[in-house]
Amino acid sequence: MAILKFPENFAWGTAISAFQTEMGNSKDRNPKTDWDVWANSGDIISKKLVSGDNPEDGDGFWDMYKTDLDNAKKIGLNSFRMSIEWARIFPDATFDIPANIKKNENNTITAIDLNDKSLLQMGKIADKDSVNHYIDIFNYARSLGMNVLLTLYHWPLPLWLHDPVNCHLNIQNTDKNGWLNDQTLIEFGKYTLYASKVFSKYVDIWETINEPEVISFNGYFYGDESGFLPGLNNLELAVQVLHNLALAHNIAYKNIKKFTSVPVGFGIAPQYREAGNSKPETIEYVKFMNYMGSDWFINAAVNGYFDNDIDMVIDKKENDIGNTDYIGIDYYSRETYVYDDNSANNIVKLPCKNCTDFDWDIYPPGIRSVLNWIYEKYRFPLYILENGIADSSDSKRKEYIKEHIKELWNAINIDKIPVKGYYHWSLIDNFEWAKGYGMRFGLFEVDYQNKKRKIRPSAYVYKEICESNGLKL
Ligand code: BGC
């Protein structure tokens, strides 16, 4: 039997996010985020933008983290990816604490710093119980021999920065407009500095922001289809948000590095997009989607190159912007498009061939292709920070895992792409944003009534890979 061996020290993990897993018991309720308000809003539910499932009925990871980390250990992980919730640490506004705001010659914010007194003040208003609870979680993971990959921002904003329902109804007249507002950047700088200070001892790899392009496009351009807050269809706003998230990454990167020298990067989700026919319009569209879905942000975040009029030509190099140690890739599926004069938007996405419960098209060679694309262009070490399948019956997950990991091995060993780790999405079933609890991505099934976790057969397949640092063929 052949075995495809992975490099020594390869990170084998799973990924979860705070909002999608923490709540589940009434005392875990964290009502101070925009996503919580959005998912619970009667208006938004009745427009069918979201499922109506309540995020507070979820996994209860906040209380049950030991069970979940024990399970993670049992399936052989050596690394654990999770995120922290900004609003748990700062449930109340940090506006009053003065920051040093650094700008470049174009008046673009390039750094946010706090003097010792301000940093102390941040500590005074931070929620100590939450900070200590996160430290307990990191310590427990480390005591089991897993290192910690921490995402600082996996989507929800504190309510004191974003009122998603009013933004949905009247974006022009809502002051709390989240990532459209420079104030959010400034507060993000304060939060990331404080979080780096208190958590850097326990974290082995940092991710600043998860999928900035999903936040901006799903929320501000495909808002009526995706159900992502604030549910808008405005390309200009989507680009403005993406722009600010690139600045936010740069600010956070610098802040984390004040306390640690471990790798810091961001995560993006370049799917395998292909043209379903050879019409030039189809081919151009696919190129444009790849560009907006990945290259636009990467150019800005790693080089300070901005293309604000989105003509696929860089308009501006911003000084004092451009930092990363690695690029995180979240790969799930293939998307096939065709240009069609008769459809409403001229572009049709073809139905999946080998479908997940989400109707995403399973396509393992895509992971290799995407890794080649991003590495050829940007030359940074890469991590697969997410890869997984909504499959409640667990009938396709085993094959999904094996086939993607085989292609990952090809990328590392044949194409010589420096991929440093693989994180499966997800350890446990969780709250799938606008879709709620219907989509089940977990290696462990969760019964949301009694919070019991049950291992799925596919988890044993992943366990064997992690424990042997290889894939048996
Ligand atoms: C996100 C996760 C999400 C997963 C499956 C990724 O885009 O980071 O939060 O649950 O995909 O949709």
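In strand E6, Leu-149 is the bridge partner of Arg-81, and Asn-147 plays that part for Ser-79. Helices (H or I, at least four residues) and strands (E, at least two) are DSSP runs here, numbered from the N terminus. The model is a predicted one, so local features need pLDDT of at least 70 and side-chain atom pairs count only at pLDDT 80 or more, while totals for chains, interfaces and linings use all residues. Residues are numbered from 1 along each chain as its sequence is written.

Back to the strands: E3 and E6 run parallel and share five bridges, and two strands are said to pair if DSSP finds at least two bridges between them. On to the next partner, E6 pairs with strand E7 (residues 205-210) over four bridges, again in the parallel sense, with Tyr-153 standing opposite Ile-209 in E7. Strand E2 (residues 11-15) is joined to strand E3 (residues 79-83) by three bridges, and these two run parallel. There, Gly-13 sits opposite Ser-79 in E3. Strands of a sheet pair through backbone hydrogen bonds, either parallel or antiparallel.

Put together, these strands belong to a closed barrel of eight, in the order E2-E3-E6-E7-E8-E12-E15-E16, with parallel pairing. Neighbouring strands of this sheet are turned by 25 degrees against each other on average, direction ignored; for such angles, axes are lines fitted to C-alpha atoms (for helices over the stretch in contact), and angles run from 0 to 180 degrees between N-to-C directions.

How much of E3 is buried? Five of its five residues are, so E3 is largely enclosed by the rest of the structure. A residue is called buried if 20 or more other C-beta atoms lie within 10 Å of its own, exposed if 12 or fewer, and partly exposed in between, with C-beta atoms placed from the backbone. In a regular strand the side chains alternate between the two faces of the sheet. Both faces of E3 are covered, with Ser-79, Arg-81 and Ser-83 buried on one side and Phe-80 and Met-82 on the other. E6 is mostly covered too, seven of its seven residues being buried.

E6 also turns up in the surroundings of helix H9, where the cover over the buried residues includes helix H5 (86-89), strand E5 (109-113), helix H6 (116-125), helix H7 (128-143), strand E6 (147-153) and helix H12 (235-257). Contact here takes C-beta atoms, placed from the backbone, within 7 Å. Among the buried residues of H9 are Phe-188, Tyr-191, Leu-193 and Phe-199. The 18 residues of H9 (residues 182-199) should span 26 Å at 1.5 Å a residue, and the end C-alpha atoms are 25 Å apart, which agrees. The expected span is 1.5 Å times one less than the number of residues.

Two asparagines are worth a look. Asn-299 lies in helix H13 (residues 280-303) and counts as buried because it has 20 C-beta neighbours inside 10 Å. Leaving out residues up to four places away in sequence, Asn-299 touches Tyr-305 and Ile-314. Asn-115, in the loop between E5 and H6, is exposed, with 11 other C-beta atoms within 10 Å.

Finally, the ligand is surrounded by ten-odd side chains' worth of company, including Ser-17, Asn-210, Glu-211, Asp-330, Glu-386 and Trp-425.

How values were computed
Near = placed C-beta within 6 Å.
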